[in-house]
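I opened the notebook to go through charges, cysteines and backbone angles in turn. The entries follow the order in which I looked things up.

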Amino acid sequence: MPSQTLLHEPMITRAFAGGGRTVDVASARLTAVQPFKGQVHMLSVALNYSGSDAELNCTPDCERLSSIAAARGVKDIVKIYDDGTTDRHPSIAEVTEAVQEIGARCEPGDYFVFQYSGHGSNEENEDEESGFDSILCLTTRDGEDEEWLDDDISDCILAAFHPEVNILVLCDACHSAGCLDFTKKFKGRSVCALSGCQDTQCSTDTGDGGAMTNALLSVLKTSSTKKLRKTRKASIQFIFNRMVEKMEEAQEVDEEEDDEEWESEDEYESESEDEDDVDPITGEEPEEGQTINLMWIGRDPISRAFPF
């Protein structure tokens with residue numbers, strides 16, 4: 001996630017067996033939310049990649065959101081960071097093991113939240129509707145890079161959880177719209193994935209957390225959302241729509257700061273525009289914009305409660 005200001009426009013993509021559709025946020029309507037009665041289980045994975053050529057500051061994302069979850073009574077919170085402060089390291093093997101252990105603790109009707117904050121990438125796959133496989137960039141304890149493909153992430157979740165467990169994935173990473181393989185895998189389940197951008201875009205690391213996660217945190221702290229959250233009546237759609245508004249507000253502030261920063265023509269000309277535009281993982285220039293994305297299968301997020 002390069003540190004840069006990216007544009008975005010609101011969009012929701014709905015994935016289901018056989019295809020997908022795009023819905024403008026303005027057309028969504030808040031309807032009766034079906035609260036759940038089960039327990040919430042949360043896995044928070046963050047990577048800072050300290051010492052690499054593409055360092056991030058992602059642990060604040062997981063620390064802040066897990067703190068909000070704990071304040072709402074969530075007791076089963078597992079954290080996996082790459083800074084040495086957690087028992088596990090964010091390798092594919094250790095994250096998979098954590099998912100399996102949490103799955104064993106879940107009962108039908110419970111909620112599993114998988115939060116990821118770190119680098120993301122993609123690779124072309126003509127068999128996918130989007131044309132890409134999404135990748136989460138993990139590392140081993142020895143510092144080796146690992147690529148966790150969306151197919152393998154989906155297989156891991158499918159194997160670990162009862163079909164009646166609600167799943168919410170929060171993925172603040174570049175190229176993350178397809179972080180789960182919905183079209184093949186999840187028929188008959190209730191799964192949502194909220195991600196930071198589209199498959200060909202990058203997500204912003206502000207230096208103090210990811211832009212998507214910061215928008216989510218801001219929404220969860222508003223008085224109107226707090227009131228709904230107390231009774232588990234804040235829908236995922238309600239949260240998402242307001243995240244779009246928060247990102248628009250942040251974008252306006254960033255544009256004002258950019259105008260002030262480049263008042264001097266000499267300063268502007270001395271800056272390398274290309275350097276900040278290149279994705280440090282893929283080495284390619286991403287598509288302009290940061291369009292946060294909501295994908296789901298099963299019950300519509302308009303009536304599906306946010307877990308905490």
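Entry 1, negative patch. I began with Asp142, which sits in the loop between strand E7 (132-139) and strand E8 (145-149). The model is a predicted one. Asp142 has a relative accessible area of 71%, so I logged Asp142 as exposed. I then looked up the charges around it and found a surface patch of negative charge made by Glu123, Asp142, Glu144, Asp145 and Glu147.

Entry 2, positive patch. I looked for the opposite sign and found Arg72, Lys221, Lys226 and Lys230 gathered in a patch of positive charge on the surface. Of this patch I checked the place of Lys221, which is the loop between helix H5 (211-220) and helix H6 (223-230). Lys221 counts as exposed, at 53% relative accessibility.

Entry 3, salt bridges. How many salt bridges does the structure hold? I noted 6. I wrote down three pairs, starting with Arg64 and Asp208, whose closest N and O atoms are 2.6 Å apart. Arg64 belongs to helix H1 (residues 59-71) and Asp208 to the loop between strand E10 (191-195) and H5, so this salt bridge ties together parts that lie 144 residues apart in sequence. Arg64 is partly exposed at 31% relative accessible area, and Asp208 is partly exposed at 41%.

The next pair was Glu97 and Arg88, a salt bridge with its closest N and O atoms 3.2 Å apart. Glu97 is partly exposed, with a relative accessible area of 38%. Arg88 has 18% relative accessibility and counts as buried, because the cut-off for buried is under 20%.

The third pair was Arg141 and Glu94, whose side chains meet in a salt bridge at 2.8 Å, N to O. Arg141 lies in the loop between E7 and E8 and Glu94 in helix H2 (residues 92-105), so the pair ties together parts 47 residues apart in sequence. Arg141 is exposed, at 54% relative accessibility, whereas Glu94 is buried, with a relative accessible area of 15%. I also followed shared partners and found that salt bridges join Arg88, Glu97 and Glu101 into one network. The loop that holds Arg141 also holds Asp142 of the negative patch.

Entry 4, cysteines. How many disulfides does a search of the whole structure find? The search returned 0. I looked at Cys202 next: Cys202 is in no disulfide, and the nearest cysteine sulfur, that of Cys174, is 3.5 Å away. A disulfide needs the sulfur atoms within 2.5 Å, so I did not count a pair at that distance. Cys202 is buried, with a relative accessible area of 0%. Cys156 is buried too, at 9% relative accessibility.

Entry 5, helix H3. Cys156 led me to H3, where Cys156 is one of the buried residues. Is this helix mostly covered or mostly open? H3 (residues 150-160) is mostly covered, with 8 of its 11 residues buried. I listed the buried residues as Asp150, Asp151, Ile153, Ser154, Cys156, Ile157, Leu158 and Ala160. The list includes the acidic residues Asp150 and Asp151.

Entry 6, positive phi. Most residues other than glycine have a negative phi, so I looked up exceptions. His175 has phi near 55°, a positive value in a residue that is not glycine. The place of His175 is the loop between strand E9 (166-172) and helix H4 (182-185). His175 is buried, with a relative accessible area of 5%.

Arg232 also has a positive phi, about 55°, and is not a glycine. Arg232 lies in the loop between H6 and helix H7 (236-261). Arg232 is partly exposed, at 24% relative accessible area.

Entry 7, Ser176. Where does Ser176 lie? I placed Ser176 in the loop between E9 and H4, the loop that I had noted for His175. Ser176 is buried, with a relative accessible area of 2%. I then looked up a distance from Ser176 to Ser195: the C-alpha atoms are separated by 5.8 Å, and the two residues are 19 apart along the chain.

Note on methods:
Residues numbered from 1 in each chain as written. Predicted model: local features only at pLDDT ≥ 70, side-chain atom pairs only at ≥ 80, totals over all residues. Heavy atoms only, no water. Patch = residues over 30% accessible without salt bridge, like charges linked within 9 Å, V, L, I, M, F, W, Y side chains within 5 Å. Areas by Shrake-Rupley, 256 points an atom, 1.4 Å probe, with all protein chains shown as cover. Salt bridge = Lys/Arg side-chain N within 4 Å of Asp/Glu carboxyl O. Lys, Arg positive; Asp, Glu negative; His and termini not counted. Charge placed at Lys NZ, Arg CZ, Asp CG, Glu CD. Helix = DSSP H or I, 4+ residues; strand = E, 2+ residues; numbered from the N terminus. Buried < 20%, exposed > 50% of the residue type's maximum accessible area, 1.4 Å probe, protein only.
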